[in-house]
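Thank you all for coming. I would like to walk slowly through one structure today, starting from a space inside it and then moving to strands and cysteines.

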Amino acid sequence: MITASFVTKRFDDTVALQKLNCTIPEGCVYGLVGSNGSGKSTLLRLISGIYRPEEGKITIDDQEVFDNPAVKNRIVFVPDELYFLPHANLRRMEQLYASVYEHFSLERFETLLKEFSLNPDKPLNTFSKGMRRQAATILALSCCADYILFDETFDGLDPVMRNLVKNLLYNEVMERKATAVVTSHSLRELEDTCDQLALLHKGGIIFESDVDHLKTSLFKVQIAFSDDYGRERFDGVEMLSYEKQGSVATMIVRGDRGETEAKLKALAPVLFEVLPLSLEEVFVYEMGQRGYEFSEVLKQEVK
Amino acid sequence: MKKLIHPGFFREIFRQLRGKGLVATFILAGLNLVFFSIYLTRDPVKASIGHFDARLMVAPMLIMLYVFVPVMVFGAYRWLNKRVESDFYHAIPLTRTQIYATTSAAIFLWLSIALGSYAVVHAILRTAFGLPINWLLFLCVFVNMLIAMIEIVAAFSIGLSLCGRGFTAFFQSIAVLFLPRVILTVFWILTEVDSGFTLPFSMILPFFNPEYNIAATPIHSLIYGINYANPLAMLYSLVMSTGLLLLGGVAFRKRKSELAEIPYASKVLQAATRVMFGMPQLLSVTVILNVWLRYGWDEDFMPREILIPLVMTSILFSFIFYCLYELISSRKMKKVVKAMPGYVLCLALSAFFIFVPFWVGKARTLTPISAEKIKSFRISNESTILIPSNISGSETWSDYVLYHHTFSDTKANALIANQSKEDCKNQQKGDEVNITGMERIIVNDGGLFRKMVNLPADYSYSLINFKEAFLKICKNDPAFTEKVAAYPKGQITYYAQGLSLSEAREVGRLFREDYEKLTDEQRMSLIGSYGTVIDVVQSKSPIALSIGLYGSYGTENYTATYRINELTPNAAKAMLGYLNARNAETVKKELKTLVEWMEHPKNDPAFDRFNVGTRYVDQWNLWNYEDQKKFATPKEAHPDEYMLLKALSEAPMTDDPSHCVTFSIVSYEMSSLTSVKTQIAAAGFAVDDTLLAYIELWIASEDSTEEFPFEVLDL
């Protein structure tokens, strides 16, 4: 389990993370979403032991990460900007990784090479952006690390490769009980990938939740009655928003779906429809509840 | 505990440095060939003997130290200055100590390969050319280079650990490496430049001795040369290099990963580097003002109307350089403005150099040593020549013995004490002393450190009397005489003008046999060559032959020249035999040409000249314009010389040293526009006793102004 306790990281006068707390459980895909400069990459670099926090601490199973090879051996980090050794090909990278990562699996490396159809003898600097990311993914997954950190995971991958990487990540989590921490500035990207999501804004996590719970606990209801009615008719139902146009009311409801449905049907509506919400819509409403403007928190998203 | 040096990571870094390492190795090997060719062609006699010339051996290695080592360190740690690369290396599961130690090891291995291959190629070349090697000095030079290498690697590792950009890293490394040494050297020079009787700081603490910091020594060596066989210097440098390497490790461990692409982390080092950029422009003014303080103002040397603009311009330039460094390194005008007040450090340091060395020098030069306290003394070889003799090879065996002999003499002690008082007085008066050719006497007064008394080469203040008296005492020391008279020790090779290498060796072998049979007094009479010796009894022997030898003893090289005459009959006979076989016909031909020329001269005397014995006979001397007005031929103008030359040209050749005179011909040949080649031939002529007697007389009178008494010669 990764634990960040009151972590503060500064770069000169800029505070990248401010007293951040979070816990990333084992065996899940944990998504970190936030706009540029929200602190996602900094948090990953802290978790992977590249940076040392100015205040607070980052631990993995109660052990500090920074300058601790025993822990770092259990982590592999794929950054947003990839780096490969000068003039290297995948074979040479494999040699370095195999020598420094205790659990590096050559067998897995060969398997992944075949899956991605990459030539291990071709210099990496001749690879396209997407191929370089595939190469980095192959190396990362071959390390058989307990914690796989991906920064802007799917950047540059075509849809087929995205699916392949996603599947591989699921397999890592399912079969090896590994933990994947992935970041993106795009919520849609993480929507169908993550088990848990955290939203970073201005160096802090402002919202963290289980994705399934998010999706099932918030839903849209369209309802109409033959008589005139007001909001007070729905007392007892937790509504995040309520709009009425003519006789049809649209509301975002939080709560158990079955119970809420039963409660509303009992009011004998002439129209009753429950619509699922996209994760983005869920975030918009949840942020609104917390006093944030979603478009401010995820600037990239609204562009 | 995990291995300090990680094999896999080591393999990778070693591989990354392969290009640079191979280039360094090949360039060093190439330079080896170039410098070896220079060595062989510059002084073919010395080269054929295989005399060890450390300068030629060291020059390529210095290039390696100051070019390849920084390139290698920058190559190995370049990732520290790129954020993406820095993240990659910091993410891998190795401790920072492991990364630092492993990277350093890979750098050292490549540098050692380059250095080692240089040594091997050098040794192969010497062996191939049949040139002997002083292995001890050879080893010393390489140990020195290895230590210097560690120091430079460490300095650049510190610089790179404290900076996130190449520019600042480079200059901060330079600051770590040189700034303390430059400050010390300037301080040392300004303090010691005119000290007569001193307790030099360099004798108190190695830290003050620029020679002791091998990596930074070349700065000092520009003035004083390098002694590669100083164990204390090696030890000091090793300790310091190791310390710096450990400091580099600490800096690397403490370095924030996010420093990549950020100019610097250490504000102190950045300030020091700025000062380093601002100081050189002030240095000339500093020295002028220091001299002014020391000796008073000299309007002729530096008029005031020049000094004030010079000071202002220097400060302005210094300030510009100071600010420029900050601007280039930080790329922010705001930081330049913030750094401006720190410029006062440059001025403070200059003021320090102006006043403190003067005060320190003044304070410490006013304590003369008393004769009673002097237990023993020895002559230092540190200051008599600009480049230490063990490099240049100019030290003679007598010098070697002199510098390694401890004297103990009450009269000499009294002289030293008087000299020290004299020096103190002169210091108080502020008299300048010429340090060129200065002799240094190292005095042991029972204290922890030895003290030095300097004997300036300036012959004013009756120093000449002191020197003569002092040297006489030294020469009369029986232990010293015995050592000087003993045949030189160590690895010895011979050379002689006009002889081949193998002939010289044979003559040298016979000379040694002859020499061993002589008394100390006879041996002393053979030391030195004809015409150049001032400190031995003048020989009356007409055989102006000598054998030279180059030797290596311990870590030092020396030269020696011995006369060959009737005291060494076997060597003389062999040498004359070789010379006659080679040169007899040529010499006779040349003499006949001279005789013919005296009979039928050309209108314009050429610039050819001839040696008779040890004396030149120029054609001009035999046929100048005055002669040409009065006489028809040189023969008529100089009948005695004509008869002597004719007699010699017709005399038979001999190898009998007791009835023989050597005869040399020196001719000059223009080999290029810039150099003149000298060809020397010598041969022995058999002469009868009468001729020999007069030639002896002539040779003996060579230092007098009297003319040779040709009128008594009846040929």
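Before I describe that space, let me fix one term: Ala, Val, Leu, Ile, Met, Phe, Trp, Tyr, Cys and Pro count as nonpolar, Asp, Glu, Lys and Arg count as charged, and the others, Gly among them, count as polar. Please also keep in mind throughout that what you see is a predicted model.

With that in hand, the lining of the largest cavity divides into 15 nonpolar residues, no polar ones and one charged residue. This cavity holds about 170 Å³ of space, and the count of cavities of 30 Å³ or more comes to nine. Of the 16 residues that line the largest cavity, those nearest its centre are A:F77, A:V78, A:P79, A:Y97 and B:F88. The elements that give two or more residues to this lining are strand 6 and helix 5 (129-142) of chain A, together with helix 5 (83-91) of chain B.

Strand 6 of chain A leads us on to a sheet. In chain A, six strands form an open sheet with mixed pairing, in the order 6-7-8-3-9-10. Its edge strands, each of which pairs on one side only, are strand 6 (75-78) and strand 10 (204-210) of chain A, and neighbouring strands in this sheet are turned against each other by 15° on average, with direction ignored. Within the sheet, strand 7 (residues 147-150) and strand 8 (residues 179-184) of chain A run parallel and are joined by four bridges, one of which pairs A:I148 with A:A180.

In chain B, by contrast with that parallel pair, strand 6 (residues 545-553) and strand 7 pair in the antiparallel sense over nine bridges, and B:S552 has B:N557 as its bridge partner in strand 7 of chain B. The hairpin these two strands of chain B make has two residues between the strands, and there B:G554 takes a positive phi near 65°. Strand 7 (residues 556-564) of chain B is largely enclosed by the rest of the structure, because eight of its nine residues are buried.

Finally, the cysteines: how many disulfides are there over all chains? The count comes to zero. For A:C144, the closest cysteine sulfur is that of A:C143, and at 7.6 Å it is too far for a bond; A:C144 itself counts as buried, because its relative accessibility is 18%, under the 20% cut-off. B:C346 is likewise in no disulfide, the nearest cysteine sulfur, that of B:C323, being 9.6 Å away, and at 0% relative accessibility B:C346 counts as buried.

Note on methods:
Residues numbered from 1 in each chain as written. Chains lettered and ligands numbered in written order. Predicted model: local features only at pLDDT ≥ 70, side-chain atom pairs only at ≥ 80, totals over all residues. Heavy atoms only, no water. Disulfide = S-S within 2.5 Å. Buried < 20%, exposed > 50% of the residue type's maximum accessible area, 1.4 Å probe, protein only. Pairing = 2+ DSSP bridges. Axes fitted to C-alpha atoms, helices over the stretch in contact; angles between N-to-C directions. 1 Å grid on protein atoms, 1.4 Å probe; cavity = no way out; pocket = protein on both sides within 12 Å on 5 of 7 lines; lining within 4 Å. Points joined across faces, edges and corners; volume = space filled by probe spheres on them.
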